[in-house]
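Here's a quick tour of a protein model, meant to be read with the structure open beside you. Have a look at the fold, then come back to the text.

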Amino acid sequence: MSDTQLTVTFDGGGIDDARAIVRALEGVFGAPGDLPADEGATVRTATFDSPGAPRAASAPAAGGTLSAPVTVTVQGTPQAVEAASETLSRAFSARNDGAASGDQERERQLLLEP
């Protein structure tokens, strides 16, 4: 796993909601390796993988408006999960729904609301 690999899983909302969340993260992580694309899926995934540390966001993240609550799980290195959590909390109304830590990976679940 690279230093900033981050897997983001979206549960709830629609494809436009998932894309809005990805747009908010692109300012810190760059373009994802894969985008949520399946219109009929109930769970979507995006993966960010860039060399080096996540970029610091100089301005509040612009995520857009969500149409419904979305549960977002971010998983990766501690630095990547922390950066993603902070970015999503600035871009959306977010509630921390729990975290789990391993030796080299961390996971956090957030509920993003419209």
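What follows goes from the overall layout to the helix pair, the salt bridges and a few individual residues.

## The overall layout

First things first: this is a predicted model. The protein has 2 helices and 5 strands, and if you walk along from the N terminus, the elements come in the order β-α-β-β-α-β-β.

How much of the protein is buried? Of its 114 residues, 40% fall into that class. The contacts reach a good way along the chain, too: looking at those with a separation of 6 or more, 73% are between residues 24 or more positions apart.

## How the two helices meet

Helix H1 covers residues 15–29, and helix H2 covers residues 78–91. At what angle do H1 and H2 pack? It's about 130°, with 9 Å between their axes. That angle is why H1 counts as oblique to H2. As for handedness, the H1 and H2 crossing is right-handed.

If you want to colour the contact, pick Ile21, Ala24, Leu25, Val28 and Phe29 on the H1 side. On the H2 side, go for Ala80, Ala83, Ala84, Thr87, Leu88 and Ala91.

Ala91 also turns up in a pairing with Arg23, a residue of helix H1. Arg23 and Ala91 sit 68 residues apart in sequence, while their C-alpha atoms are 10.0 Å apart in space. Arg23 itself is partly exposed, at 46% relative accessibility.

## Salt bridges

How many salt bridges does the structure hold? There are 3. Glu82 takes part in a network of salt bridges with Arg106 and Arg108, so let's take that group piece by piece. Between Glu82 and Arg106, the closest N and O atoms are 4.0 Å apart. Arg106 belongs to strand S5 (residues 106–113) and Glu82 to helix H2, so this salt bridge ties together parts that are 24 residues apart in sequence. Glu82 also meets Arg108 in a salt bridge, with an N to O distance of 3.2 Å. Here again the partners are in helix H2 and strand S5, so the pair ties together parts that are 26 residues apart in sequence.

Are these side chains buried or exposed? Arg108 is buried, with a relative accessible area of 13%. Glu82 is partly exposed at 28% relative accessibility, and Arg106 is partly exposed with a relative accessible area of 26%.

Away from that network, Asp97 and Arg95 form a salt bridge with N to O at 2.8 Å. Asp97 is partly exposed, at 33% relative accessibility. Arg95 is partly exposed as well, with a relative accessible area of 43%.

## A buried acid without a partner

Asp17 deserves a look of its own. This residue sits in helix H1 and is buried, yet has no salt bridge. Which side chain of opposite charge is nearest to Asp17? That's Arg44, and the distance is 7.2 Å. A salt bridge needs the side-chain nitrogen within 4 Å of a carboxyl oxygen.

What does Asp17 touch instead? Setting aside neighbours within four places in sequence, Asp17 is in contact with Thr65, Leu66, Ser67, Ala68 and Val70.

## Two more residues to click on

Ser85 is in helix H2. With 4% relative accessibility, Ser85 counts as buried. Not counting residues up to four places away in sequence, Ser85 touches Val74, Arg108 and Leu110. You've already met one of those: Arg108 is a salt-bridge partner of Glu82.

Ala94 is in strand S4, which spans residues 93–101. At 33% relative accessibility, Ala94 is partly exposed. Which residues does Ala94 contact, leaving aside its neighbours within four places in sequence? They are Leu88, Ser89, Leu111 and Leu112. Leu88 is also part of the H2 side of the contact with H1. Finally, Ala94 and Val72 are 22 residues apart in sequence, with 9.7 Å between their C-alpha atoms.

Terms used: Residues numbered from 1 in each chain as written. Predicted model: local features only at pLDDT ≥ 70, side-chain atom pairs only at ≥ 80, totals over all residues. Heavy atoms only, no water. Helix = DSSP H or I, 4+ residues; strand = E, 2+ residues; numbered from the N terminus. Buried < 20%, exposed > 50% of the residue type's maximum accessible area, 1.4 Å probe, protein only. Lys, Arg positive; Asp, Glu negative; His and termini not counted. Contact = heavy atoms within 4.5 Å. Axes fitted to C-alpha atoms, helices over the stretch in contact; angles between N-to-C directions. Parallel < 35°, antiparallel > 145°, perpendicular 65-115°, else oblique. Left-handed = near helix turned anticlockwise from the far one by under 90°.
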